[in-house]
Amino acid sequence: MKRLLTTLLSAAIMLSALAGCGAMDTTPEQTAAQQAADVSAPDMETDNPKPSAGDDAPAAPSTVTDLAGRTVELPGTVERVAALGSASRMLTYAGCADKIVGCTDLEKEGQPGMPYAYVNKDHFAGCASIASGGSGDTLYGEALAVLEPDLIFYFGADRDTLDQLQDQMGVPVVGLYATNFYDEDFRQTLRLIGNIMGTEEQVDTLIAALEGWIADLKERTQDIPAEERPSVYTGALGFRGAHGFEGTSAQFPPFVAVNANNVVDETGETGTLLIDLEKVTDWDPEYIFLNPQSMYLVNEDYEVNPAFYNNLSAVKNNRVYSLVSYNYNWTNQELAIADAYYVGSILYPEQFSDVDFRARAEEIFHLMLGCDYLDVLEQAGTGFGPLTIGE
């Protein structure tokens, strides 16, 4: 009882903002990216042999090395897990969301912009609420203590936070982390979960597909001469709140994946930023991709500044497109991959002539989410397609 009281009192003041689990106002580039970049690859070796085919359930390894480089001792069997931050997303990809018994309030809302939460909304409805979720994430220490999970998965790579949570809850805590879909930390996270939860087959299948998509996108575009790559701009991105046309990104992952000529890269910045509209006038990109969730801000600005928009070549030539926002409670990797294929199909129709975008997108969604998802996005008004600014 003394330990439980200590736990609940300290939990009330710890983790008032869980590292790396912002909602639409947080992006990987702006939070724990540097921490994760300094972490060595997890050691996937385990102290326990693999179970024989006749075993009823796979035994978890006795120790693993997580994405923060910590050695974590695990129980012999992991059947009930709590997911903090956006760890539920990674567990969904790895095929073991059914083992989640505690998640965040934000995830229980099942918003279409968070596909993993939407497809799991019925299951999450029956899970315990153990944190608020979002940029102001608050841990519900008492609820987590009462839940008594076998293991806590936490999306974040801050060692001190992970160690403190583990010490206070008396439950093993495994840190997960992933930046962009083409980065190694994403694959490391998937392998780590599969190793712990016994879903190696799903993880191996997903990683093979992931590596195939990455290679396909690169091979289709890498030999296009720089001078033949059209200039592009993305706007209305959400970070630290919603933004209008000026909210953009340098080294924008869907553009990077298809070797697009992102005009914002000229700034030398990395990640999201606000840009002066005069710079966009100077760049005059040939194609513009906008986040449909923030089009109301773009359209409001159009009402007071129509000349800016009407003078852009992309607007004059009807080359403005909706690009699904993938940053909602961190990175929805399946949306980012679909975005890359959509951008490629628009910028390089010849190189992508054999790709049926809708079929490829649903292939991605099926493998990562277990279902079709384009209709969900379209019904929410956030799907892919041409846009007319001002309407």
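Q: Buried means under 20% relative accessible area; with that in mind, how many residues of strand β6 are buried in this predicted model?
A: Welcome to the structure, which is a predicted model. Strand β6 covers residues 151–155. This strand is mostly covered, and the count of buried residues is 5 of its 5.

Q: Which residues point the other way from L151, F153 and F155 in β6?
A: In a regular strand the side chains alternate between the two faces of the sheet. In β6, L151, F153 and F155 share one direction, and every one of the strand's residues listed here is buried. Pointing the other way are I152 and Y154.

Q: In what order do the strands of the sheet with β6 stand?
A: This is an open sheet of 5 strands with parallel pairing. β6 pairs with β3 over 4 bridges, and β6 also pairs with β7 over 4 bridges. On the other side of the sheet, β3 (residues 81–84) is joined to β4 (residues 100–104) by 2 bridges. Put together, the order is β5-β4-β3-β6-β7.

Q: Which strands stand at the edges of that sheet, each with a single partner strand?
A: The order of the strands is β5-β4-β3-β6-β7. A strand at either end has one partner, so one side of it is left without a neighbour in the sheet. The edge strands are β5 (128–131) and β7 (173–176).

Q: By how many degrees are neighbouring strands of this sheet turned against each other on average?
A: The strands in question pair in parallel. Direction is ignored when their turn is taken, and the average is 25 degrees.

Q: Which residue of β7 stands opposite I152?
A: We can step across the sheet one bridge at a time. A82 stands opposite G102 in β4, and the bridge partner of A82 in β6 is I152. Continuing into β7, I152 stands opposite V173.

Q: Which helix packs on this sheet at about 150 degrees to β7?
A: Helix α8 (residues 159–169) lies across β3, β6 and β7, but its angle of about 155 degrees is given against β6. The helix with about 150 degrees to β7 covers residues 184–197 and touches β3, β6 and β7. That helix is α9.

Q: What span does helix α10 reach from its first C-alpha to its last?
A: Helix α10 runs over residues 200–221, so it has 22 residues, and at 1.5 Å a residue one less than that number gives the expected span. The model comes close to that expected value, reaching 32 Å.

Q: Which elements do the buried residues of α10 pack against?
A: The buried residues of α10 include L206, L210, W213 and L217. An α-helix has 3.6 residues a turn, so residues three or four places apart point the same way. The packing partners are α3 (87–93), α9, α11 (253–257), α16 and α17 (357–369).

Q: Which strands are at the edges of the open sheet with mixed pairing?
A: This sheet has 5 strands in the order β10-β8-β12-β13-β14. Within it, β12 (residues 287–290) and β13 (residues 320–322) pair in the parallel sense over 3 bridges, and L290 has S322 as its bridge partner in β13. Pairing on one side only are β10 (261–262) and β14 (385–386).

Q: Which helix lies across β8, β12, β13 and β14?
A: The helix runs at about 155 degrees to β12. It also supplies the largest share, 10 residues, of the largest nonpolar core. This helix is α16.

Q: How many residues does the largest nonpolar core have?
A: Those with the most contacts inside this core are F153, V174, I196, F289 and F365. F365 touches, among others, L335, A338 and L374. A second, separate core of 23 residues includes Y233, L277, V298 and I389. The largest core has 85 residues.

Q: Is A361 buried or exposed?
A: A361 is found in helix α17 and touches A338 and L374. A361 and A338 are 23 residues apart in sequence, yet 5.4 Å apart in space, C-alpha to C-alpha. The relative accessibility of A361 is 1%, and because the limit is under 20%, A361 counts as buried.

Q: What share of the residues in the protein is buried?
A: The secondary structure comes to 18 helices and 14 strands. The protein exposes about 15900 Å², of which carbon and sulfur atoms supply 46%. Of the 391 residues, the buried share is 57%.

Methods: Residues numbered from 1 in each chain as written. Predicted model: local features only at pLDDT ≥ 70, side-chain atom pairs only at ≥ 80, totals over all residues. Heavy atoms only, no water. Pairing = 2+ DSSP bridges. Axes fitted to C-alpha atoms, helices over the stretch in contact; angles between N-to-C directions. Contact = heavy atoms within 4.5 Å. Buried < 20%, exposed > 50% of the residue type's maximum accessible area, 1.4 Å probe, protein only. Areas by Shrake-Rupley, 256 points an atom, 1.4 Å probe, with all protein chains shown as cover. Core = buried A, V, L, I, M, F, W, Y, C linked by side-chain atoms within 4.5 Å.
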